[in-house]
Amino acid sequence: MKIKDVRTHILRAALSQPFGYSRAWYDTRTAMVVEIETDDGLIGWGECYGPAPITAAVVASLATLLIGADPLRTDYLWRKIYSSMRDHGQKGVIIEGLSGIDIALWDIKGKHFGVPVHRLLGGAVRSKVQAYATGLYRRRSGDPLRYLPEEAAGYVAEGFKAVKLKVGFGVEEDAAATRAVREAIGSGVALMVDANHAYDAPAAIRLGRMIEPYDIGWFEEPVPPEDVAGYCEVKSALTIPVAGGECEFTRFGFRDLLVRRALDIVQPDTCAAGGLSECKKIADMAEAFGVRYNPHVWGTGIAIAASLQLLAVLPPHTPPSLAPLEPMLEFDRTEHPIRQALLTRPIEHAGGVVAVPDGSGLGIEIDRTALTRFAAR
Ligand code: CA
């Protein structure tokens, strides 16, 4: 079996309402889908996190390294691409492009052997994954101290046992919003906060101290990704676990964060940090360092399926235990017209729990009409 063709699909959809986080407003959602075809007719699907026009150019450029190669040699091809770009792209869009390619190759591998990817990654530890609701963004109008607690209570009513609040809008306002959301969801639901690196270390520590009484599951991206010393300062100043890593890449990048003990929870994005091949290695390394692993997930059903295939095989934290800490799926609840439309059978939650797809490959089927419908012009 040989790789015959590598195609990219840039997808775009306008949102009915813009939503904001600490650094920007969104009024559209985009996606970059990788499609790899073999000479015996198998199709593998992958997705790249990051700026779609740039990751599409990266994947198109790397295609020459793939055409004619055996798609089952996933580690070999990963290294071939990585080393060809080593001097120019150890992090960022090159690795995001490589991630989408790697995911598509794993989809092909699973389809070739007629098994779900998790069987080939070592075998499933679980068939269902607890999801947490990512939402609680800002709206153009209304009082966040009213609509955020209402929205959070809605997730709890749907069955979610954990929700994540966006912070980074000023320390006082963040503390008030955190308190309001905690009061709305009660004490039995986990609450995490995510600043999207809006703060420096002193401001993040000040916010952390103000919200420590509200039983915070983790404080995500308190400071910019380059500020590793800042992460270490925040981590040593607070009792709240510190999370991050959606802007970090490959085993080499995570090695440095782990050696410095900058994080309590690493959050590689499967569609950015190097794909399934690399994220499995990062997860194994995190386990060796005693650090929790919860993937960052922000994309279409392809990204969700790839993340679930990896989540299926991750060990619980510090087993054996009668009360193990299980890895969770980040389940984006914001508007994303492409996310579920791309799959013939969308991945949904039931009571805050998502089943791992058990079909061959990623376990999903792509609705090609959606590729046309959302194609960016
Ligand atoms: Ca985040």
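What joins strand 1 to strand 2? A hairpin of four residues does so.

The model is predicted; local features need pLDDT of at least 70 and side-chain atom pairs pLDDT 80 or more, while totals for chains, interfaces and linings use all residues. Residues are numbered from 1 along each chain as its sequence is written, and side-chain values use heavy atoms, without hydrogens and water.

**View A. Strands 1 and 2 form an antiparallel pair.** Strand 1 (residues 3-20) and strand 2 (residues 25-38) are paired over 13 bridges; two strands pair if DSSP finds at least two bridges between them. Helices (H or I, at least four residues) and strands (E, at least two) are DSSP runs numbered from the N terminus. Thr 8 stands opposite Val 34 of strand 2.

**View B. Helix 8 (residues 228-237) has buried residues.** These are Val 228, Gly 230, Tyr 231 and Val 234. Down the axis of helix 8, they fall within an arc of 155°, so they line one face of the helix; the arc is that of the directions from the helix axis to the C-beta atoms. Buried means under 20% relative accessible area, exposed over 50%, and partly exposed in between (1.4 Å probe, protein chains only). The cover over the buried residues includes helix 7 (201-211), strand 8 (242-244) and helix 9 (250-259).

**View C. Domain 1 (3-114) meets domain 2 (119-355).** The bounds come from an automatic or database domain assignment. Contact (heavy atoms within 4.5 Å) involves 42 residues of domain 1 and 47 residues of domain 2. About 3500 Å² is buried between the domains, 63% of it from carbon and sulfur atoms; this is the accessible area (1.4 Å probe) that two parts lose on being put together, summed over both. In domain 1, Arg 29, Glu 47 and Tyr 49 lose the most area to domain 2, together 21% of what that side buries.

**View D. Asp 332 takes part in salt bridges with Arg 29 and Arg 339.** A salt bridge is a side-chain nitrogen of Lys or Arg within 4 Å of a carboxyl oxygen of Asp or Glu. The N to O distance is 2.9 Å for Arg 29 and 2.8 Å for Arg 339. Asp 332 is buried at 5% relative accessible area, and Arg 339 is buried at 7%.

**View E. Glu 183 and Arg 179 form a salt bridge in helix 6 (residues 171-185).** Their closest N and O atoms are 3.1 Å apart, and the two residues are four apart, about one turn of the helix. Glu 183 is exposed at 57% relative accessibility, whereas Arg 179 is partly exposed at 44%.
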